[in-house]
Amino acid sequence: MHIIETRCDEVTHEIIDKLNRTFITPFDREDIYALAHEFDSVIDIIHAMTNRMRLYNLHNSINKDLIKFAELIEKSVLCLANTVRGLRNLKQMKELSERLIEINTIENQGDQLRDEVLGKLFDNATDPLDVIKWKDIFMDAETVLDQCEDVGNIVEAILVKQA
């Protein structure tokens, strides 16, 4: 994950550098900057979560609830990637809007999953340290989904400006 996070930082810096050297951009500079920055934040949170799992010595644990979060995160990130790719062809506005709704739906599912998982964790755990560790991880996982929604909101603002 460290390699991915480092590469993402490099790409973000490249985008900002090109943005500073380009006179005409496909849409507002501020939107391009915000999009790059918020996408980088998604990766940063995932990186922090994986580091925390290593620190908490949870990297060898299989947790079915975390797998559910990982599936939601994967769906959200892939949907975001396809949405951002779709900005090249604004004639597909309806399809882009549907993807943005899907990202929001996934984030809502993440909220619900977080509540269910934390409730189960507090009801069933016997070791208070395990509760603290897993609570942090589940909160991080849900924060990734929140951040994906934030990226989606930036895309939505771009679409509104381009309409």
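**Pockets, helices and two residues in a predicted model**

Me: The second largest pocket holds about 200 Å³ of space. What counts as a pocket, and how is a volume defined?

Reply: On a 1 Å grid over the protein atoms alone, a pocket is an open set of points where a 1.4 Å probe fits, with protein on both sides within 12 Å along at least five of seven lines; lining residues have an atom within 4 Å of a point. The volume is the space filled by probe spheres set on the points, which are joined across faces, edges and corners. This is a predicted model, in which local features need pLDDT of at least 70 and side-chain atom pairs count only at pLDDT 80 or more, while totals for chains, interfaces and linings use all residues. Residues are numbered from 1 along each chain as its sequence is written, and side-chain values use heavy atoms, with hydrogens and water left out.

Me: Which residues lie nearest the centre of the second largest pocket?

Reply: They are Met49, Met53, Leu66, Ile67 and Ala70, out of 15 lining residues. Helices α2 and α3 each supply at least two residues of this lining, and α3 gives the most, with 5 residues. By class, 11 lining residues are nonpolar, 4 are polar and none is charged (Ala, Val, Leu, Ile, Met, Phe, Trp, Tyr, Cys and Pro count as nonpolar, Asp, Glu, Lys and Arg as charged, the others, Gly among them, as polar).

Me: What volume does the largest pocket have, and how does its lining divide?

Reply: The largest pocket has a volume of about 640 Å³. Its lining has 17 residues, of which Ile15, Leu35, Phe39, Val84 and Arg88 lie nearest the centre. The division is 12 nonpolar, 1 polar and 4 charged. At least two lining residues come from each of α1 (2-21), α2 and α3.

Me: How many helices and strands does the protein chain have?

Reply: The chain has 5 helices and 0 strands (DSSP runs numbered from the N terminus: H or I, at least four residues, for helices; E, at least two, for strands). Its C-alpha atoms fill a box of roughly 60 × 30 × 20 Å along the principal axes. Of its 163 residues, 39% count as buried (under 20% relative accessible area with a 1.4 Å probe, protein chains only; exposed is over 50%, partly exposed in between).

Me: Where on α1 do the buried residues sit?

Reply: An α-helix has 3.6 residues a turn, so residues three or four places apart point the same way. In α1 the buried residues are Glu5, Cys8, Thr12 and Leu19. They cover an arc of only 60° around the axis, which puts them on the same side of α1 (the arc is that of the directions from the helix axis to the C-beta atoms). On the other side, His2, Ile3, His13, Lys18 and Arg21 are exposed. What covers the buried residues of α1 includes α2.

Me: Is Phe69 buried or exposed?

Reply: Phe69, in helix α3, is buried, at 0% relative accessibility. Beyond its neighbours within four places in sequence, Phe69 is in contact with Gly110, Leu113, Arg114, Val117, Phe138, Ala141, Glu142 and Leu145 (contact means heavy atoms within 4.5 Å). Phe69 and Phe138 are 69 residues apart in sequence, with their C-alpha atoms 7.9 Å apart. Across the protein chain, residues 24 or more positions apart account for 78% of the contacts with a separation of 6 or more.

Me: What is the phi of Asn57, and where is the residue found?

Reply: Phi of Asn57 is near 60°, a positive value in a residue other than glycine. Asn57 is found in the loop between α2 (29-55) and α3 (64-86) and is exposed, with a relative accessible area of 55%.
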